[in-house]
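Visitor: I should like to take a close look at one part of this model, the sheet. Please begin at one edge and work across it.

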Amino acid sequence: MTVINKVIKGISKRLYDCTKYPVYVDKKTNNVHFPCFFLRVSDTSRNRIVGERYLQTHTFDIWYLPNEADEIKDVMNELHELAENLYFILEYIECEDFLIRGSDMSYRITDGSLHFFVTYEVFLLKEKKQEEFMENLEVKGRINGE
């Protein structure tokens, strides 16, 4: 499984475990149950740090919909409360056997929905091709003047 898929799985699991709201990764999902989260990758990058070590960065837009778009409700208090909780909920996520810390967290409320932004950075180590070892080495030495 790729790193980005592990991070998506970790975010989805953490959101569901803490809120019990469904998390959708694909925006074109039928039979959506509200309230729910939509998870969207907004930016990714990979930079070489040293040698075979890379830093892979993933930025997410986690979109929370409290109800269907055509329902008119005053949800500002609910959205601000959830946003404050997401800072703690998404601070650490579990990616299989290790934890990743979220950074650059922020949120924006537009049209009765919450957009929560978070970045996760993962260090990767590129596997080196195994070099063949020398089988035998013979060394002959002598002292000068002998």
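In β2, which residue is the bridge partner of Tyr-24?

Guide: The bridge partner of Tyr-24 in β2 is Phe-38. The model is a predicted one, in which local features require pLDDT of at least 70 and side-chain atom pairs count only at pLDDT 80 or more, whereas totals for chains, interfaces and linings use all residues. Residues are numbered from 1 along each chain as its sequence is written, and side-chain values use heavy atoms, with hydrogens and water left out.

The elements are DSSP runs numbered from the N terminus, helices being H or I of at least four residues and strands E of at least two. Two strands are taken to pair if DSSP finds at least two bridges between them. On that basis, six strands form an open sheet with mixed pairing, in the order β1-β2-β3-β6-β5-β4. Strands β1 (23-24) and β4 (92-95) occupy the edges with a single partner strand each, so one side of each has no neighbour in the sheet.

At the β1 edge, β1 and β2 run parallel and are joined by two bridges. Strand β2 then pairs with β3 in the antiparallel sense, over 13 bridges. Within that pairing, Val-41 stands opposite Phe-60 of β3. The hairpin of β2 and β3 has two residues between the strands, and there Gly-51 adopts a positive phi near 55°. Strand β3 (residues 53-65) is also antiparallel to β6 (residues 113-125), to which twelve bridges join it. One residue of β3, Asp-61, has Phe-117 as its bridge partner in β6.

Asp-61 also forms a salt bridge (a side-chain nitrogen of Lys or Arg within 4 Å of a carboxyl oxygen of Asp or Glu) with Arg-40, the closest N and O atoms being 3.8 Å apart. Because Asp-61 belongs to β3 and Arg-40 to β2, this pair ties together parts that are 21 residues apart in sequence. Accessibility is described as buried under 20% relative accessible area, exposed over 50% and partly exposed in between, with a 1.4 Å probe and protein chains only. Asp-61 is buried at 7%, while Arg-40 is partly exposed at 47%.

The structure holds five salt bridges. Among them is that of Arg-48 with Glu-52, at 4.0 Å from N to O; Arg-48 is exposed at 53%, and Glu-52 is partly exposed at 24%. Another joins Glu-91 to Arg-101 at 3.6 Å from N to O. That pair links distant parts of the chain, with Glu-91 in the loop between α2 and β4 and Arg-101 in β5, ten residues apart. Both are partly exposed, Glu-91 at 24% and Arg-101 at 48%.

Two helices lie across the strands, contact meaning heavy atoms within 4.5 Å. Their angles, from 0 to 180 degrees between N-to-C directions, use lines fitted to C-alpha atoms, for helices over the stretch in contact. Helix α1 (residues 3-19) lies across β1, β2 (36-50), β3, β4, β5 (98-110) and β6, at about 35° to β3. Helix α2 (residues 76-89) lies across β2, β3, β4, β5 and β6, at about 160° to β5.

There are zero disulfides, that is, pairs of cysteine sulfur atoms within 2.5 Å. Cys-18 is in none, and its nearest cysteine sulfur, in Cys-95, is 15 Å away. The sulfur of Cys-36 is too far for a bond, at 17 Å from the closest cysteine sulfur, in Cys-18. Cys-36 is buried at 0%, whereas Cys-18 is partly exposed at 38%.
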